[in-house]
Amino acid sequence: MSEAVQQLELEKARGRIRHYGICNFGAKNMEALRTAGGKPLTNQLPYNLLWRAIEHDVLPTAAEVGATVLAYSPLQQGLLTGRFWKVDEVPEGRRRTRLFSSTSTSLATHGGDGAETETFKAIEKIGKICADEGISMTTGALSWLLAQPNVASVIVGCSTVEQVVENTRIHQITPAVEQKLKAATEELKHLMGTNADLWAPESRMK
């Protein structure tokens with residue numbers, strides 16, 4: 001760790017890079033990086049309304065070491081777009097995460113029971129909150145995420161021009177709506193626990 005940090009800081013001093021970031025660093029590795037003198041600008045992490053595991057200890061540690069969060073999978077592979085309302089509507093390749101039972105697809109490797117009932121109950125609640133607000137679920141999910149402390153930006157995918165447009169419609173949600181969305185997924189957050197790894201039974205984010 002110290003050798004890597006020394007080289008990164010040297011490249012900054014030489015003017016070859018302005019900043020550097022990290023990806024999937026858990027609390028332990030972020031502390032180790034800080035001890036070694038590392039000053040990452042950002043930590044790329046999985047974060048969305050349905051996957052809030054980093055809030056337990058990773059997100060607070062990132063703030064402590066001065067690294068903002070660059071959130072990937074902000075729409076949880078399409079689950080937060082309003083396209084899927086029950087398990088069998090979700091393509092098999094998107095059922096590999098720990099939100100789904102490992103028996104849902106042979107592609108899953110986590111071996112767990114998942115939380116399918118709680119996941120789709122949360123999706124239904126989110127959909128209603130967004131409808132009441134007059135916004136799409138995509139807009140609501142991304143707007144909520146960007147309103148969270150220390151989240152600098154999101155990495156969102158798209159395959160059509162329409163999706164590009166939709167993914168850039170950010171809405172200034174009120175604190176009341178933000179809390180409603182958070183409450184809609186609180187049960188799921190606690191059920192999934194502190195393991196922030198979407199796919200593995202034991203977190204690889206150390």
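Student: How many helices and strands does the secondary structure of the protein come to?

Tutor: In this predicted model, there are eight helices and four strands. Read from the N terminus, the elements follow the order α-β-α-β-α-β-α-α-β-α-α-α.

Student: And how does the radius of gyration of the protein sit against the globule rule?

Tutor: The rule gives 17 Å for 206 residues, and the protein comes to 18 Å, so it is as compact as a globular protein of that length. Along the principal axes, the C-alpha atoms fill a box of roughly 50 × 40 × 30 Å. Of the 206 residues, 45% count as buried, where buried means under 20% relative accessible area.

Student: Let's take one helix. Which residues of helix 2 are buried?

Tutor: Helix 2 spans residues 27-35, and its buried residues are Ala27, Met30 and Leu33. They lie on the same side of the helix because the arc they cover around the axis is only 125°. Lys28 and Thr35, on the other side, are exposed.

Student: What covers the buried residues of helix 2?

Tutor: The cover includes helix 1 (2-13) and helix 3 (58-65), along with strand 1 (22-23) and strand 2 (42-46). Just past the end of helix 2, look at glycine 37: its phi is positive, about 95°.

Student: How many positive and negative side chains does the protein have?

Tutor: There are 23 positive and 23 negative side chains, with the centres of the two sets 5 Å apart. As for the surface, the protein exposes about 10,400 Å², and carbon and sulfur atoms supply 52% of that area.

How values were computed. Residues are numbered from 1 along each chain as its sequence is written. This is a predicted model: local features need pLDDT of at least 70, side-chain atom pairs count only at pLDDT 80 or more; totals for chains, interfaces and linings use all residues. Side-chain values use heavy atoms; hydrogens and water are left out. Buried means under 20% relative accessible area, exposed over 50%, partly exposed in between (1.4 Å probe, protein chains only). Helices (H or I, at least four residues) and strands (E, at least two) are DSSP runs, numbered from the N terminus. The arc is that of the directions from the helix axis to the C-beta atoms. Contact means heavy atoms within 4.5 Å. The radius of gyration is taken over C-alpha atoms; the globule rule is 2.2 Å times the number of residues to the power 0.38. Accessible areas come from the Shrake-Rupley method with a 1.4 Å probe; for residues, only the protein chains shown count as cover. Lys and Arg count as positive and Asp and Glu as negative; His and the chain ends are not counted. The place of a charge is taken as NZ of Lys, CZ of Arg, CG of Asp or CD of Glu.
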